[in-house]
Amino acid sequence: MGMKPAPKITRRELLAASAAVSLTACRRAPLPIAPARVSIVRAPAYDQRIYDTVRRILDEHNLEVRGRSVVIKPNLVEFEPESFINTNPLLVHATAEAFRARGAASVVIAEGPGHRRNTLDLADAAGYFKIVPKFEDHFIDLNLDDVTQVHLPRQFSSLGKLYLPNTALRADLLVSMPKMKTHHWVGATLSMKNLFGLVPGGVYGWPKNVLHWAGIAECIADLHAAFPRQFALVDGIVGMEGNGPIQGTAKYAGVLVAGSDPVAVDATCCRIMRIDPYRVPYLQLAIEGADARISEHNVRQSGEAISAVATPFQLIPEFRSFRLENG
Amino acid sequence: MTLDILAGKQNPDGGWPYVRGVSWTEPTVYSVLAMLAAGEKQRAARGLRWLRSVARHDGGFSPQSGVAESTWVTALAALLPPEELGRDAHRGAIRWLLRTTGHESTRLYLLRQWLLGVPRPADQKFAGWPWTDGAAAWVGPTSIAILALTAESRRMPSSEISQRVAEGRQFLLTRACHSGGWNHGATDALGYAADAYPETTGMALAALRGVDAPAVRRGVGLAKRFLADARSADALNWLTLGLMAQAEMPADFTLPDGVECRTLPETSLALLIGEARKGRDFLWV
C-alpha cells in the first residue's frame, strides 16, 4: 500500500512522546491559559431549524465580520448522496447565510478534496447544487486556486514551506466545517484535520501524499498554525464511526460544536465521541505543552453539557486505546 | 461551440486556467491538443509558448508559473508532439520522466528499509510515477507517464523507455482494487479493501492498452458498469478513453443528458475524444 510510508520515529515524535509523558504527569497543575469558548448545541436533524440554530451560535460568539471576507471550508470527500461522509450542504448554506446576515462583505465556500479530482461533480453529488442557490458562483475549488508559497510558522513537520491557496490565505476568517468522524490514521477527523483540504491538489496531487510523508499529525498542526484567524463549526448531527473517514458507518450525535479555538473545539468533539483528546497526536502537538488548553475545566462551555450529548463513536482496533476512560 | 468556449478562456499570457484565473499546465496541454486537432494553429502556438515558459532547468515542467517545482504535469507536456512543444523541451521532459520514480522506489529509501529490516511490500516492487518529487507513486501520474513514454517509444524506440513502461504497467496491475478497477492507487487502507473510481479506472485502462491480464479484464467489466451510471464529464472522458484503448467501447453509447463539462480539461478532452472517435487519435498517434 503506497499511501502511507512505513512508520518511523522522528525526533519530533520522540519529543512529542516525551512531552506527552511529562504532560500526563503534570495534568493536575495546569498552566494558566486563557479559557476558550466552545458551544455545544443540539440539532436534531438537517432541516430548516438549522438556519436559526447557526445564527444563534454566531451571535453567541459575537463574531465581528462586518465588511470582512469569510471563507467556509466544508469537508467534501466522496461521491455519495447521503449525509455522513461529506459536511451537509444545508448546514453549510445556513452558515453562509448567517455570515451574510452579520454583514460579511464576501462569503465563499471553498474546498480541495484529497482523493477525487472532479470537485464540482463531487459537490453536486453531495447535494450542494440543489441546496445552495448559484453554487458555482459562490464556490472556489482550492485544488485549482492560485497559490502562494508560505513558510510554515511552527515547523512541526519536515515540510518547511508549502504552497497554499490565495483564497484561504487572504480570508479575514476561515471557517472550518468538518463532519464529526473517526479516522483510520489519526483517530478522529475534525476541524483541524479538515485543513488538509486547503493544500492544493493542483500542485501536490490527489491524494496530497507529501503530507503523509511529512507526518500526518505534524502537518495538521502546521496547517492549524498557518491560519490564525479561524472559526470551527463541526457537523455532528450525523457523523461517522468505525473505519472513517470514508468507509465507516453513520453515527447520530445530534449536535453542532463551535468556537474560535479549533483546538478546544476538536478536544470537545473528542469528548463527545468518547475519545481521549490527550491521545490524539495532532492535538498533543498543537497545545505545545499547554495542557490546560484542552483541559475540560479550561474550556468555557455553553449550551449542552458534554455528558448530556456524549455518545461513544466505535473505534477500529488500532485506536481502541484512544477510548476515554469510563467511555 | 465548445471550441469557442475554449478559445474564449485562453488567458492573455497564452495559457489556460482550469476554470478561471491563472494559467495552469494541465488545462493548457489539453487545450493546445484540442486547438491543434481543430487546426487553430495560432492559439495553439500561444499556448505552446506559455508551456515552454514553465519548463524547468531539470527538464520537468511546473504546474503553473508561480510554482518552482517540476511535477507530474511533465508527463502531460511530453504528450505533445516534439515538433510542436520544441524538441529540446520535449527531450528534457522525457529524460525527467525516465529518472523520476515514486519515493518508495528510490535507492536511498530501499537502502534505508533494507537496513531497518523492513521487507519490500508486494505492491511496491514496481516503480511508478509520483505527483511530486519525494512522494509515493500513484495511478494517475503513472498512467499519464506511460501514455507519454509509449508515444515517445513509437517515435524513437529505446530499451530504457520500454523497460520503464513495462515496469509502470506492472505497477498498475499490482494496484488494481480487489473488486476490480483502480482508485488513486491504494488497494487497502489498514486491511480494509478500497473501492475503485471511474476516472482512475479509465486512466489505467488507457495506459494498459494492449496488455492482456485478469486485472485488465476485470477493469474493463467495471468500466462498462461505471459508464452506464457516470454523470461526471471527467469520469466519462476517461472511461471512454480507457475502453477505446481496450477496443471495448460500446458502439451504441451516447452521453447521458445533463452531463456538464465543468473544467477546461474536461471540455478539451471531450473535444479530443470526439475527434478520436472519428479516427483522429491524439494519445496513440
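The expected span of a helix is 1.5 Å times one less than its number of residues. In this predicted model, helix H2 of chain B can be set against that value. H2(B) covers residues 25-37, 13 residues in total. From its first C-alpha to its last it reaches 18 Å, close to the 18 Å expected at 1.5 Å a residue.

H2(B) is largely enclosed by the rest of the structure, because 12 of its 13 residues are buried. The buried stretch includes Thr25(B), Glu26(B) and Pro27(B). Also among the buried residues are Tyr30(B), Leu33(B), Met35(B) and Leu36(B). Five helices of chain B pack against the buried residues of H2(B): H1 (2-8), H3 (41-53), H4 (73-79), H5 (82-85) and H13 (264-277). Gly39(B) follows the helix, and its phi is positive, near 80°.

Confidence was considered next. Chain B has an average pLDDT of 95, and 99% of its residues score at least 70. For the model, ipTM is 0.95 and pTM is 0.92.

The interface joins 29 residues of chain A to 41 residues of chain B. On the side of chain A that touches chain B, the elements giving two or more residues are helix H4 (119-125), helix H8 (201-204) and helix H9 (209-213). This side of chain A is made up of 14 nonpolar, 9 polar and 6 charged residues.

The largest nonpolar core holds 192 residues. Within this core, Val70(A), Val257(A), Tyr282(A) and Ala77(B) touch the most other members. Helix H12 of chain B, residues 233-245, gives the most to the core, with 9 residues. Beyond four places in sequence, Val70(A) touches Val65(A), Phe99(A), Ala104(A), Ser106(A) and Val107(A). The list for Val70(A) continues with Ala171(A), Asp172(A), Leu173(A) and Val175(A).

Val257(A) also appears among the contacts of Gly236(A). Gly236(A) is found in strand S10 of chain A, which spans residues 230-241. Gly236(A) counts as buried because 27 C-beta neighbours lie inside 10 Å, where 20 or more suffice. Leaving aside residues up to four places away in sequence, Gly236(A) touches Met180(A), Ala253(A), Val255(A), Leu256(A), Val257(A), Cys269(A) and Ile272(A). Pro44(A) is 192 residues from Gly236(A) along the chain, yet their C-alpha atoms are separated by 9.9 Å.

Notes:
Residues numbered from 1 in each chain as written. Chains lettered and ligands numbered in written order. Predicted model: local features only at pLDDT ≥ 70, side-chain atom pairs only at ≥ 80, totals over all residues. Contact = placed C-beta atoms within 7 Å. Helix = DSSP H or I, 4+ residues; strand = E, 2+ residues; numbered from the N terminus. Nonpolar A, V, L, I, M, F, W, Y, C, P; charged D, E, K, R; others polar. Core = buried A, V, L, I, M, F, W, Y, C linked by C-beta atoms within 7 Å. pLDDT = per-residue confidence, 0-100.
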